[in-house]
Amino acid sequence: MRVTASDADDPQTDNAALGYSIVGDGRGIFRIDPVTGEIRTVGVGLDRENISVYNLTLQVADLSGEGLSTTATAVIFIDDINDNAPEFIATEFTVEVSEDMVGSEIGHISVVDKDQPGTPNWLVDYTIIDGNDHGLFSIKTEPETNRGILLVEKGLDYEKADKHILTIEVKNKEAVSLGAPQALRSSAKVIVTVTDVNEAPRFVEDPRKLNVPEGLTAGSFLTVYTATDPDTKQQQNIR
(Lines give C-alpha, C1' and ligand atoms only; values in the text may rest on other atoms or scores of the structure.)
Protein backbone atom coordinates (compact mmCIF):
# COMPACT_ATOMS: atom_id res chain seq x y z
CA MET A 1 0.00 0.00 0.00
CA ARG A 2 1.32 3.46 -0.86
CA VAL A 3 0.07 6.90 0.18
CA THR A 4 0.88 10.16 -1.56
CA ALA A 5 0.67 13.82 -0.64
CA SER A 6 1.34 17.09 -2.45
CA ASP A 7 2.80 20.44 -1.43
CA ALA A 8 2.15 23.74 -3.22
CA ASP A 9 5.60 25.13 -2.44
CA ASP A 10 8.42 25.29 -4.95
CA PRO A 11 9.36 21.66 -5.66
CA GLN A 12 12.99 22.70 -5.95
CA THR A 13 13.14 23.72 -2.28
CA ASP A 14 13.04 21.86 1.04
CA ASN A 15 9.60 23.38 1.63
CA ALA A 16 8.25 20.77 -0.80
CA ALA A 17 10.44 17.88 0.41
CA LEU A 18 7.91 15.59 2.09
CA GLY A 19 8.51 13.01 4.79
CA TYR A 20 6.01 10.36 5.83
CA SER A 21 5.58 8.71 9.24
CA ILE A 22 3.10 6.65 11.27
CA VAL A 23 2.12 8.48 14.43
CA GLY A 24 -0.70 6.30 15.75
CA ASP A 25 -1.85 2.66 16.05
CA GLY A 26 0.90 1.11 14.02
CA ARG A 27 1.36 -1.30 16.95
CA GLY A 28 4.83 -2.09 15.76
CA ILE A 29 3.37 -4.16 12.94
CA PHE A 30 3.53 -1.60 10.11
CA ARG A 31 6.18 0.78 8.87
CA ILE A 32 6.09 3.50 6.22
CA ASP A 33 8.90 4.50 3.93
CA PRO A 34 9.56 8.17 4.80
CA VAL A 35 10.31 9.05 1.17
CA THR A 36 7.98 6.92 -0.97
CA GLY A 37 5.03 6.60 1.44
CA GLU A 38 4.91 2.84 0.95
CA ILE A 39 3.39 0.97 3.91
CA ARG A 40 4.69 -2.50 4.68
CA THR A 41 4.45 -5.01 7.49
CA VAL A 42 7.43 -5.15 9.81
CA GLY A 43 7.21 -8.91 10.37
CA VAL A 44 4.89 -11.83 10.95
CA GLY A 45 2.06 -11.06 13.33
CA LEU A 46 -1.15 -10.28 11.49
CA ASP A 47 -4.06 -12.34 12.83
CA ARG A 48 -7.56 -11.47 11.64
CA GLU A 49 -9.10 -13.45 14.48
CA ASN A 50 -7.47 -11.06 16.98
CA ILE A 51 -7.55 -7.75 15.06
CA SER A 52 -9.40 -7.52 11.75
CA VAL A 53 -8.99 -3.76 11.08
CA TYR A 54 -6.13 -1.34 11.70
CA ASN A 55 -6.62 2.42 11.65
CA LEU A 56 -3.23 4.01 11.07
CA THR A 57 -2.73 7.71 11.70
CA LEU A 58 -0.27 8.93 9.10
CA GLN A 59 1.64 12.18 9.11
CA VAL A 60 3.28 14.00 6.23
CA ALA A 61 5.48 17.03 6.81
CA ASP A 62 7.61 19.23 4.61
CA LEU A 63 11.26 19.91 5.29
CA SER A 64 11.67 16.10 4.92
CA GLY A 65 9.36 15.46 7.84
CA GLU A 66 10.49 18.23 10.16
CA GLY A 67 8.32 21.15 9.00
CA LEU A 68 4.65 21.88 8.61
CA SER A 69 2.56 18.74 8.85
CA THR A 70 -0.87 17.26 8.37
CA THR A 71 -2.37 13.88 9.18
CA ALA A 72 -4.63 11.36 7.50
CA THR A 73 -6.01 7.92 8.31
CA ALA A 74 -5.21 4.69 6.49
CA VAL A 75 -7.69 1.88 7.15
CA ILE A 76 -6.23 -1.60 6.62
CA PHE A 77 -8.60 -4.59 6.55
CA ILE A 78 -7.03 -8.01 7.19
CA ASP A 79 -8.34 -10.69 4.81
CA ASP A 80 -9.16 -14.08 6.24
CA ILE A 81 -7.23 -17.24 5.41
CA ASN A 82 -8.17 -20.70 6.60
CA ASP A 83 -5.73 -20.93 9.48
CA ASN A 84 -8.19 -22.43 11.98
CA ALA A 85 -9.56 -25.95 11.62
CA PRO A 86 -13.06 -26.62 12.99
CA GLU A 87 -13.37 -28.42 16.31
CA PHE A 88 -16.31 -30.16 17.96
CA ILE A 89 -17.48 -28.50 21.16
CA ALA A 90 -17.51 -31.93 22.84
CA THR A 91 -16.05 -35.36 22.22
CA GLU A 92 -19.42 -37.06 22.66
CA PHE A 93 -23.05 -36.19 21.92
CA THR A 94 -26.21 -38.10 22.85
CA VAL A 95 -29.46 -38.33 20.88
CA GLU A 96 -32.71 -40.17 21.62
CA VAL A 97 -35.07 -41.27 18.87
CA SER A 98 -38.16 -43.49 18.66
CA GLU A 99 -37.93 -46.36 16.20
CA ASP A 100 -40.68 -44.97 13.95
CA MET A 101 -39.01 -41.62 13.08
CA VAL A 102 -37.90 -42.33 9.51
CA GLY A 103 -36.92 -39.21 7.53
CA SER A 104 -36.84 -37.00 10.62
CA GLU A 105 -34.23 -34.72 12.16
CA ILE A 106 -33.21 -36.27 15.45
CA GLY A 107 -30.52 -33.97 16.80
CA HIS A 108 -27.78 -31.39 16.27
CA ILE A 109 -24.05 -31.34 16.89
CA SER A 110 -21.91 -28.21 16.97
CA VAL A 111 -18.38 -27.11 16.13
CA VAL A 112 -16.39 -23.93 16.58
CA ASP A 113 -14.30 -22.31 13.86
CA LYS A 114 -12.49 -19.02 14.45
CA ASP A 115 -12.37 -18.05 10.78
CA GLN A 116 -14.70 -15.48 9.26
CA PRO A 117 -18.34 -16.67 9.55
CA GLY A 118 -20.16 -17.33 6.31
CA THR A 119 -17.00 -17.90 4.26
CA PRO A 120 -15.73 -21.23 2.87
CA ASN A 121 -12.94 -20.98 5.47
CA TRP A 122 -15.63 -21.24 8.17
CA LEU A 123 -18.23 -23.51 6.58
CA VAL A 124 -17.87 -27.22 7.31
CA ASP A 125 -18.85 -30.60 5.96
CA TYR A 126 -19.74 -33.49 8.27
CA THR A 127 -19.13 -37.16 7.42
CA ILE A 128 -20.20 -40.28 9.30
CA ILE A 129 -17.05 -42.40 9.16
CA ASP A 130 -18.06 -45.30 11.42
CA GLY A 131 -21.14 -46.99 12.85
CA ASN A 132 -23.41 -46.45 9.85
CA ASP A 133 -22.81 -49.58 7.79
CA HIS A 134 -26.48 -49.98 6.86
CA GLY A 135 -27.01 -46.32 5.98
CA LEU A 136 -29.57 -45.77 8.73
CA PHE A 137 -28.40 -42.21 9.36
CA SER A 138 -27.19 -39.16 7.44
CA ILE A 139 -25.87 -35.75 8.42
CA LYS A 140 -26.00 -32.36 6.73
CA THR A 141 -24.70 -28.88 7.52
CA GLU A 142 -26.96 -26.01 8.54
CA PRO A 143 -25.14 -23.19 6.67
CA GLU A 144 -26.41 -20.35 8.87
CA THR A 145 -25.04 -21.87 12.08
CA ASN A 146 -22.52 -24.50 10.91
CA ARG A 147 -24.33 -27.09 13.03
CA GLY A 148 -24.58 -30.68 11.91
CA ILE A 149 -28.15 -31.96 11.57
CA LEU A 150 -28.50 -35.70 12.10
CA LEU A 151 -31.32 -37.50 10.25
CA VAL A 152 -32.79 -41.01 10.17
CA GLU A 153 -32.81 -42.38 6.62
CA LYS A 154 -34.14 -45.92 7.18
CA GLY A 155 -36.42 -47.61 9.67
CA LEU A 156 -34.87 -48.35 13.04
CA ASP A 157 -35.67 -51.52 14.96
CA TYR A 158 -35.52 -51.29 18.74
CA GLU A 159 -35.69 -55.07 19.08
CA LYS A 160 -32.59 -55.56 16.92
CA ALA A 161 -30.51 -52.62 18.13
CA ASP A 162 -31.52 -50.16 20.83
CA LYS A 163 -28.29 -48.15 20.53
CA HIS A 164 -26.09 -46.95 17.68
CA ILE A 165 -22.67 -45.37 18.14
CA LEU A 166 -21.62 -43.13 15.24
CA THR A 167 -18.25 -41.52 14.63
CA ILE A 168 -18.53 -38.21 12.81
CA GLU A 169 -15.70 -36.23 11.23
CA VAL A 170 -15.72 -32.51 10.39
CA LYS A 171 -13.67 -30.58 7.82
CA ASN A 172 -13.80 -27.13 6.26
CA LYS A 173 -15.06 -26.78 2.71
CA GLU A 174 -11.73 -25.06 1.95
CA ALA A 175 -8.44 -26.75 2.73
CA VAL A 176 -6.73 -25.57 5.89
CA SER A 177 -3.59 -23.50 5.30
CA LEU A 178 -0.21 -25.12 5.65
CA GLY A 179 1.21 -24.51 9.09
CA ALA A 180 -2.20 -24.09 10.73
CA PRO A 181 -2.50 -25.83 14.12
CA GLN A 182 -4.08 -29.26 14.12
CA ALA A 183 -7.62 -29.51 15.44
CA LEU A 184 -7.83 -31.16 18.85
CA ARG A 185 -11.34 -32.53 18.21
CA SER A 186 -11.84 -33.19 14.50
CA SER A 187 -14.09 -36.19 15.21
CA ALA A 188 -16.72 -36.99 17.81
CA LYS A 189 -18.97 -39.83 18.93
CA VAL A 190 -22.75 -39.61 18.67
CA ILE A 191 -24.64 -42.13 20.79
CA VAL A 192 -28.13 -42.68 19.38
CA THR A 193 -30.52 -44.36 21.81
CA VAL A 194 -33.57 -45.95 20.16
CA THR A 195 -36.81 -46.08 22.14
CA ASP A 196 -39.52 -48.70 21.62
CA VAL A 197 -42.84 -48.08 19.89
CA ASN A 198 -45.73 -50.48 20.32
CA GLU A 199 -46.08 -52.28 16.97
CA ALA A 200 -49.06 -54.25 15.73
CA PRO A 201 -48.77 -58.06 15.66
CA ARG A 202 -48.24 -59.72 12.29
CA PHE A 203 -49.56 -62.96 10.85
CA VAL A 204 -46.85 -65.46 10.00
CA GLU A 205 -48.49 -66.16 6.64
CA ASP A 206 -50.55 -63.59 4.78
CA PRO A 207 -52.40 -64.89 2.87
CA ARG A 208 -52.53 -68.54 3.93
CA LYS A 209 -54.06 -71.02 1.50
CA LEU A 210 -55.90 -74.16 2.55
CA ASN A 211 -57.32 -77.04 0.57
CA VAL A 212 -60.54 -78.13 2.29
CA PRO A 213 -62.64 -81.11 1.12
CA GLU A 214 -66.28 -80.48 0.50
CA GLY A 215 -68.83 -81.86 2.86
CA LEU A 216 -67.04 -81.01 6.13
CA THR A 217 -69.34 -80.83 9.09
CA ALA A 218 -69.75 -77.61 11.04
CA GLY A 219 -67.03 -77.09 13.62
CA SER A 220 -64.40 -79.18 11.80
CA PHE A 221 -60.78 -78.26 12.57
CA LEU A 222 -59.04 -76.59 9.64
CA THR A 223 -55.70 -75.13 10.79
CA VAL A 224 -53.98 -72.93 13.34
CA TYR A 225 -53.28 -69.39 12.10
CA THR A 226 -50.44 -67.93 14.15
CA ALA A 227 -49.26 -64.35 14.62
CA THR A 228 -46.16 -62.83 16.15
CA ASP A 229 -45.56 -59.54 17.95
CA PRO A 230 -42.47 -57.56 16.88
CA ASP A 231 -42.21 -56.13 20.40
CA THR A 232 -40.19 -59.06 21.67
CA LYS A 233 -38.79 -57.07 24.61
CA GLN A 234 -42.29 -56.45 25.97
CA GLN A 235 -44.58 -59.02 27.55
CA GLN A 236 -47.82 -58.72 25.61
CA ASN A 237 -50.69 -61.08 24.87
CA ILE A 238 -52.01 -61.46 21.34
CA ARG A 239 -55.78 -61.86 21.05
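# Salt bridges, ring pairs and two open sheets

Okay, let's start with one residue: Asp 125 counts as partly exposed, at 35% relative accessibility. Here buried means under 20% relative accessible area, exposed means over 50%, and partly exposed is in between (1.4 Å probe, protein chains only). Before I go on, this is a predicted model: local features need pLDDT of at least 70, side-chain atom pairs count only at pLDDT 80 or more, and totals for chains, interfaces and linings use all residues. Residues are numbered from 1 along each chain as its sequence is written, and side-chain values use heavy atoms, with hydrogens and water left out.

Back to Asp 125. Which side chain does Asp 125 meet in a salt bridge? That's Lys 173, at 2.8 Å from N to O. The two come from distant parts of the chain, 48 residues apart: Asp 125 is in strand 10, and Lys 173 is in the loop between strand 13 and strand 14 (187–195). Strands, by the way, are DSSP runs of E with at least two residues, numbered from the N terminus. Lys 173 is also partly exposed, because its relative accessibility is 46%.

For the salt bridges I'm asking for a side-chain nitrogen of Lys or Arg within 4 Å of a carboxyl oxygen of Asp or Glu. By that rule we get six salt bridges. One of them is Arg 2 with Glu 38, where the closest N and O atoms are 3.4 Å apart. That's another link between distant parts of the chain, with 36 residues from one to the other: Arg 2 is in the segment before strand 1 (19–24), and Glu 38 is in the loop between strand 2 and strand 3 (39–41). Arg 2 is exposed at 53%, while Glu 38 is partly exposed at 22%. Add Arg 40, and Arg 2, Glu 38 and Arg 40 are linked in a network of salt bridges.

Now, strand 10 again, this time as part of a sheet. There's an open sheet of four strands in the order 7-14-13-10, with mixed pairing. Which strands stand at its edges? Strand 7 (92–98) and strand 10 (124–130) do; each has a single partner strand, so one side of each is left without a neighbour in the sheet. On average, neighbouring strands here are turned by 30° against each other, direction ignored. For those angles, axes are lines fitted to C-alpha atoms (for helices over the stretch in contact), and angles run from 0 to 180 degrees between N-to-C directions.

Two strands pair if DSSP finds at least two bridges between them. Strand 10 and strand 13 (residues 163–172) do that over six bridges, in the antiparallel sense. Within that, Tyr 126 has Val 170 in strand 13 as its bridge partner.

Tyr 126 also turns up in a ring cluster: ring pairs link it with Phe 88 and Phe 93. For ring pairs, Phe, Tyr and Trp (its six-membered ring) need centres within 6.5 Å; planes under 30 degrees apart are stacked, over 60 edge-to-face, and the rest tilted. That gives three aromatic pairs. Among them is Phe 30 with Tyr 54, edge-to-face at 5.1 Å centre to centre and 75° between the planes. This one spans 24 residues, from Phe 30 in strand 2 (residues 30–32) to Tyr 54 in strand 4 (residues 53–61). Another is Phe 88 with Phe 93: their ring centres are 6.1 Å apart and their planes are at 65°, so that pair is edge-to-face.

Buried or exposed, for Phe 88 and Phe 93? Both are buried. For the other pair, Phe 30 is buried at 10%, and Tyr 54 is buried at 2%.

Last stop, the second sheet. This open sheet has three strands in the order 8-12-11, with antiparallel pairing. Strand 8 (105–109) and strand 11 (137–142) are the edges, each with a single partner strand, so one side of each is left without a neighbour in the sheet. Neighbouring strands are turned by 25° on average, direction ignored. Strand 11 and strand 12 (residues 147–152) pair in the antiparallel sense over six bridges, and Ser 138 has Leu 151 in strand 12 as its bridge partner. There's a salt bridge to look at here too: Glu 142 with Arg 147, closest N and O atoms 3.1 Å apart. Arg 147 is partly exposed at 28%.
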